[in-house]
Amino acid sequence: MKNRWKIQLEITECPFYAIGDYRVFELGRCGRVVRISIGDNAVRRRIRGQESARIEAKELEFTAAHLTIMLNYPAAQRNTAPILEALLQHVSRTATGVALEVSSGSGQHVAALARQYPSLQWQPTELESRLLDSIGQHTAGLPNVRPARLLDAAGDWATQLPDMEAHSLSLVVNINMVHIAPWRCALGLMAGAGRLLRSGALLITYGPYAKDGLLTPQSNVEFDAHLRAKNAEFGVRDIRELEKAAAPHGLRLHAEIDMPANNKTLVWKKD
Ligand SMILES: C[S@@+](CC[C@H](N)C(=O)[O-])C[C@H]1O[C@@H](n2cnc3c(N)ncnc32)[C@H](O)[C@@H]1O
């Protein structure tokens with residue numbers, strides 16, 4: 001589109017980066033720099049306080065119809081390489097078939113995953129329609145990434161993804177969702193992945209986890225409290241509870257990989 005603006009939001013630290021209206025929340029609570037390029041003229045604005053951030057947010061909302069927003073989450077920037085490395089321990093670089101990402105967020109992960117696994121056809125999905133644009137921006141030009149589509153992990157996947165047949169997928173990936181979403185989303189993820197994965201295929205989940213009722217270290221305890229204060233339905237999940245949720249859908253915990261910043265990659269295998 002001729003007059004389409006490209007906006008790149010650079011967001012520094014923000015544990016809630018996809019909650020609420022990102023234009024308000026990210027800029028208001030977490031934003032530091034907004035870089036706006038209109039044609040060749042780059043305008044850089046520094047946001048210092050809450051008030052100026054709100055003004056900026058309104059401005060963005062006002063012009064939203066003209067914008068293409070490409071989000072870059074610093075957390076995704078940090079964890080992408082370790083996640084790719086962990087994945088290589090369990091998924092061959094030459095894997096084929098269709099891989100589904102649940103809660104693709106900005107699209108940074110699926111773009112990196114698609115580059116690492118060029119023989120897999122990647123299907124990014126998101127709950128939030130406003131993120132589809134960003135996913136499209138990150139994956140533009142990658143021949144093995146399908147257009148992002150909507151998926152509510154807590155809903156009925158058969159209705160939402162009617163073209164995906166049971167036992168047809170080679171891989172399902174879900175990064176940093178189960179603790180920042182109600183428990184029913186974890187249940188939906190297990191049910192959906194269990195139905196769609198072929199026998200022997202993997203579901204990969206990444207995030208902070210408790211185990212046997214124990215959450216460590218203190219920073220994860222504080223993060224959990226922070227999440228629950230924000231939304232009583234959120235919270236760091238216990239691996240044992242996830243195992244109970246996974247078992248009825250033929251998914252067993254196959255491997256648990258310690259990751260930087262007290263996170264884990266969990267590898268679930270379909271019977
Ligand atoms: C913390 S962000 C993580 C995004 C991305 N995976 C990443 O790691 O950068 C959590 C994501 O979960 C998504 N989400 C929340 N509830 C969901 C649901 N019911 N179904 C699918 N995605 C959901 C949000 O829209 C958001 O993009």
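**Notebook: ligand site, helix pairs and backbone exceptions**

I began at the ligand, where a nitrogen atom of the ligand has a backbone N or O atom of Ser103 at 2.7 Å. I note at once that this is a predicted model, and that every distance and angle I write here is computed from it.

Staying with the polar contacts, I looked up Ala153 and found one of its backbone N or O atoms 2.8 Å from a nitrogen atom of the ligand. For Asp152 I found that the side chain takes part, with an N or O atom there lying 2.8 Å from a nitrogen atom of the ligand. I then asked how much of the ligand's accessible area the protein covers, and the result was 95% of the 590 Å² that the ligand has on its own.

Next I listed the surroundings: there are 21 residues around the ligand, and those that come nearest are Ser103, Glu126, Asp152, Ala153 and Ile175. Sorting the shell by residue class, I obtained 13 nonpolar residues, five polar ones and three charged ones.

I turned to helix packing and took helix H4, residues 108-116, together with helix H5, residues 132-139, whose axes are 8 Å apart and meet at an angle of about 30 degrees. Because angles under 35 degrees count as roughly parallel, I entered H4 as roughly parallel to H5. The handedness I recorded for the crossing of H4 and H5 is right-handed.

The second pair I checked was helix H7, residues 183-196, and helix H9, residues 239-246, where the axes come within 9 Å and the crossing is at roughly 45 degrees. I therefore entered H7 and H9 as oblique to each other, and I noted that their crossing is right-handed.

I closed with the backbone, keeping in mind that most residues other than glycine have a negative phi and that most peptide bonds are trans. Which peptide bond did I find to be cis? The bond from Thr216 to Pro217 is cis, with omega near -10 degrees, and I placed Pro217 in the loop between strand E10 (209-210) and helix H8 (218-230).

In the loop between E10 and H8 I also located Asp212, which is not a glycine and yet has a positive phi of about 50 degrees. A further entry is His167, also not a glycine, with a positive phi of about 60 degrees; I found His167 in the loop that lies between helix H6 (157-160) and strand E8 (169-175).

Conventions. Residues are numbered from 1 along each chain as its sequence is written. This is a predicted model: local features need pLDDT of at least 70, side-chain atom pairs count only at pLDDT 80 or more; totals for chains, interfaces and linings use all residues. Side-chain values use heavy atoms; hydrogens and water are left out. A residue is near a molecule or strand if one of its heavy atoms lies within 4 Å of it. A polar contact is a pair of N or O atoms within 3.5 Å; within protein, one must be able to donate a hydrogen and the other to accept it, and residues adjacent in sequence count only if both atoms are side-chain atoms. Accessible areas come from the Shrake-Rupley method with a 1.4 Å probe; for residues, only the protein chains shown count as cover. Ala, Val, Leu, Ile, Met, Phe, Trp, Tyr, Cys and Pro count as nonpolar, Asp, Glu, Lys and Arg as charged, and the others, Gly among them, as polar. Axes are lines fitted to C-alpha atoms, for helices over the stretch in contact, and angles run from 0 to 180 degrees between N-to-C directions. Helices (H or I, at least four residues) and strands (E, at least two) are DSSP runs, numbered from the N terminus. Angles under 35 degrees count as roughly parallel, over 145 as roughly antiparallel, 65 to 115 as roughly perpendicular and the rest as oblique. A crossing is left-handed if the near helix is turned anticlockwise from the far one by less than a right angle, and right-handed if clockwise.
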